[in-house]
Amino acid sequence: MDGHPATQPGERLRVCSETVDRRTVVTVAGEVDHLTADRLSAELESAVINGAQSIEADFSRVAFCDCSGLSVLLAAHGHCRDAGALFAVSGPVTPAVERLLQMTGTGPVLLTRTA
């Protein structure tokens with residue numbers, strides 16, 4: 001694997017993490033919905049518990065995200081804030097994810113800024 005997960009046939013979500021110097025990148029591929037959101041939540045929570053000072057959720061390979069996934073991202077943002085850590089979603093995100101973030105007004109809170 002090249003460090004970026006790809007889903008296998010029949011697999012809805014794949015998540016992997018890499019931590020370097022207290023910065024954790026959680027790379028996500030597939031669909032984040034009510035059936036898979038707990039898996040993402042556990043991975044993000046683990047990064048906070050393990051003391052990451054910066055957590056990035058790489059959503060560049062997420063085809064779909066519903067309100068369950070959005071709830072996980074917002075909870076992770078809050079947990080990071082409470083722990084004094086940074087949290088952001090990176091991309092580029094797919095049009096489906098972009099639409100969710102735009103419709104809910106959460107893009108400015110969650111998305112990383114690119115120069």
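**Salt bridges, nonpolar core and helix α3**

R81 has a relative accessibility of 54% and therefore counts as exposed, the cut-off for that class being over 50%. D82 is likewise classed as exposed, because its relative accessibility is 63%. The side chains of R81 and D82 meet in a salt bridge, with an N to O distance of 3.9 Å. These values, like those that follow, come from a predicted model.

The search of the whole structure returned four salt bridges. Two of them involve R12. The closest N and O atoms of R12 and E31 are 3.5 Å apart. Because R12 belongs to the segment before β1 and E31 to strand β2, this pair ties together parts of the chain separated by 19 residues in sequence. R12 also forms a salt bridge with D33, and here the closest N and O atoms are 1.8 Å apart. D33 is in the loop between β2 and α1, so that this second pair, too, links distant parts of the chain, 21 residues apart. R12, E31 and D33 are thus joined in a network of salt bridges. The accessibility of its members was computed as follows: R12 is partly exposed at 33%, E31 is partly exposed at 30%, and D33 is buried at 6%. In general, side chains of opposite charge can pair when their charged atoms come close.

The chain contains four helices and four strands, arranged along the sequence in the pattern β-β-α-β-α-β-α-α. Of its 115 residues, 41% are buried. The exposed surface of the chain amounts to about 6,400 Å², of which carbon and sulfur atoms supply 53%. Among contacts with a separation of 6 or more, 61% are between residues 24 or more positions apart.

The largest nonpolar core consists of 28 residues. V28, V32, L40, L44, F59, L73 and F87 have the most contacts inside this core. At least two core residues are supplied by each of β1 (13-20), β2 (23-32), α1 (37-49), β3, α2, β4 (86-90) and α3. The surroundings of F59 were examined without counting residues up to four places away in sequence. On this basis F59 touches V28, V32, L40, C65, L73, V89, S90, P92, V93 and V97. V28, V32, L40 and L73, which are among these partners, also appear among the core residues with the most contacts.

One of the partners of F59, V97, is a buried residue of helix α3, which spans residues 95-104. The other buried residues of α3 are L100 and L101. Viewed down the helix axis, the buried residues of α3 fall within an arc of 90°, and they therefore line one face of the helix. Exposed residues are found on the other side of α3, namely P95, R99, Q102 and M103. The cover over the buried residues of α3 includes β3 (54-65), α2 (67-83) and α4 (107-110). Just after α3, G105 adopts a positive phi of about 70°.

Notes:
Residues numbered from 1 in each chain as written. Predicted model: local features only at pLDDT ≥ 70, side-chain atom pairs only at ≥ 80, totals over all residues. Heavy atoms only, no water. Buried < 20%, exposed > 50% of the residue type's maximum accessible area, 1.4 Å probe, protein only. Arc of directions from axis to C-beta. Contact = heavy atoms within 4.5 Å. Areas by Shrake-Rupley, 256 points an atom, 1.4 Å probe, with all protein chains shown as cover. Core = buried A, V, L, I, M, F, W, Y, C linked by side-chain atoms within 4.5 Å.
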